[in-house]
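Let's look at how some helices pack and how aromatic rings can pair up. Here is the structure to keep beside you as you read.

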Amino acid sequence: MAPMTAPAPRDRTALDAPTLLGVRERTLVMGVVNVTPDSFSDGGEWFEQDAAIAHGREVLAAGADIVDVGGESTRPGAARPSVEEELRRVVPVVSALVGDGAVVSIDTMRVEVARAAVDAGAAMVNDVSGGQADPDMVPWVAANRLPYIAMHWRGHSTDMQSRAVYDDVVEDVCRELASRRDDLVRAGIDEDLLVLDPGLGFAKNADHNWALMAALPVLHDLGHPILLGASRKTFLGRLGRDEGAAPRPASERDVETAATSVMAAMAGLWCVRVHDVASTVRVLSVVQAALDHAPADEPEGLDR
Ligand code: PMM
């Protein structure tokens with residue numbers, strides 16, 4: 001896809017994280033900054049601190065509402081970095097982007113990393129384990145009344161694909177997410193600050209991911225802001241490829257990713273987490289233009 005010119009950045013610095021959680025008029029865009037040597041989508045590209053900061057600035061200039069900084073790859077089979085290494089990767093990047101006025105979420109399963117990132121100015125915690133990886137995470141997030149993204153998760157990346165077994169993936173994921181939500185709220189997480197995420201690609205095969213994509217309005221009905229992380233995932237890279245052929249490389253999946261962003265917006269989801277922010281901002285402007293011209297009654301097919 002030809003590079004897209006970034007549209008004028010929207011007024012994102014005016015909105016703090018809790019206010020962003022309340023946005024319903026449009027689907028927000030979270031731009032990914034992976035400070036890892038081995039993420040499947042952009043592994044190694046932004047591993048050096050300066051490169052990661054420069055990339056975060058590009059993501060912001062392209063119109064991201066939130067920048068998601070992570071220091072642990074969650075690709076299937078990935079080994080975990082030490083806490084010290086994860087801290088070394090993310091904290092300087094968070095500080096620099098917060099210094100630029102960005103709303104930063106910290107993508108981590110470890111409370112030590114979340115705490116250091118929040119001390120450096122991060123405004124929300126994106127925990128792919130939904131609090132199951134580190135028992136100290138949820139009490140700490142609750143005590144600090146932080147916005148918290150809890151993803152559907154069945155175990156660490158080392159062996160998560162062996163857990164990709166469902167009776168009905170949509171029903172099972174919705175039930176497990178709702179039960180996680182109840183546990184989190186019981187543990188003190190403010191339900192108004194809780195975002196849920198179906199966890200595409202985490203203990204899910206391509207058919208599971210597609211079934212969830214077909215059921216986005218059902219996820220919306222869980223009654224919480226929903227974050228969707230489809231960006232550059234392998235199921236998108238397999239489209240149009242012969243059975244058994246290698247998927248398209250991750251860097252060539254942004255057209256398909258943009259299509260998932262449109263689907264998310266049409267289903268009224270809160271936010272999409274994407275690598276190529278410019279293409280998603282462009283396609284979401286199309287959805288927005290249609291919504292802005294809809295009659296006051298909700299039009300058929302635009303589930304907001
Ligand atoms: N996917 C990845 C990492 N973090 N966080 C949330 N909330 N949802 C996701 O789907 C998600 C995530 C893995 O993708 P990456 O390697 O491109 O960051």
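At what angle do helix α6 (residues 169–186) and helix α7 (residues 206–213) pack? The angle is about 75°, and their axes are 9 Å apart.

## Before we go on

This is a predicted model, where local features need pLDDT of at least 70 and side-chain atom pairs count only at pLDDT 80 or more, while totals for chains, interfaces and linings use all residues. Residues are numbered from 1 along each chain as its sequence is written, and side-chain values use heavy atoms, with hydrogens and water left out.

## α6 and α7

With that angle, α6 and α7 are roughly perpendicular to each other (65 to 115 degrees counts as such). On the α6 side, Val169, Val170 and Val173 meet His208, Ala211 and Leu212 of α7. The residues of this contact (heavy atoms within 4.5 Å) divide into five nonpolar, one polar and no charged.

## The aromatic pair

Helix α7 also has a part in the one aromatic pair that a search of the whole structure finds. Ring centres must lie within 6.5 Å to pair. The rings of Trp210 and Phe235 have centres 4.8 Å apart and planes at 75°, so the pair is edge-to-face (planes over 60 degrees apart). Trp210 sits in α7 and Phe235 in helix α9 (residues 234–237), so the pair ties together parts 25 residues apart in sequence.

Are these two buried or exposed? Phe235 is buried at 3% relative accessibility (buried means under 20% relative accessible area, with a 1.4 Å probe and protein chains only). Trp210, at 31%, is partly exposed (between that 20% and the 50% above which a residue is exposed).

Methods
Axes fitted to C-alpha atoms, helices over the stretch in contact; angles between N-to-C directions. Helix = DSSP H or I, 4+ residues; strand = E, 2+ residues; numbered from the N terminus. Parallel < 35°, antiparallel > 145°, perpendicular 65-115°, else oblique. Nonpolar A, V, L, I, M, F, W, Y, C, P; charged D, E, K, R; others polar. Phe/Tyr/Trp six-rings, centres within 6.5 Å; stacked < 30°, edge-to-face > 60°.
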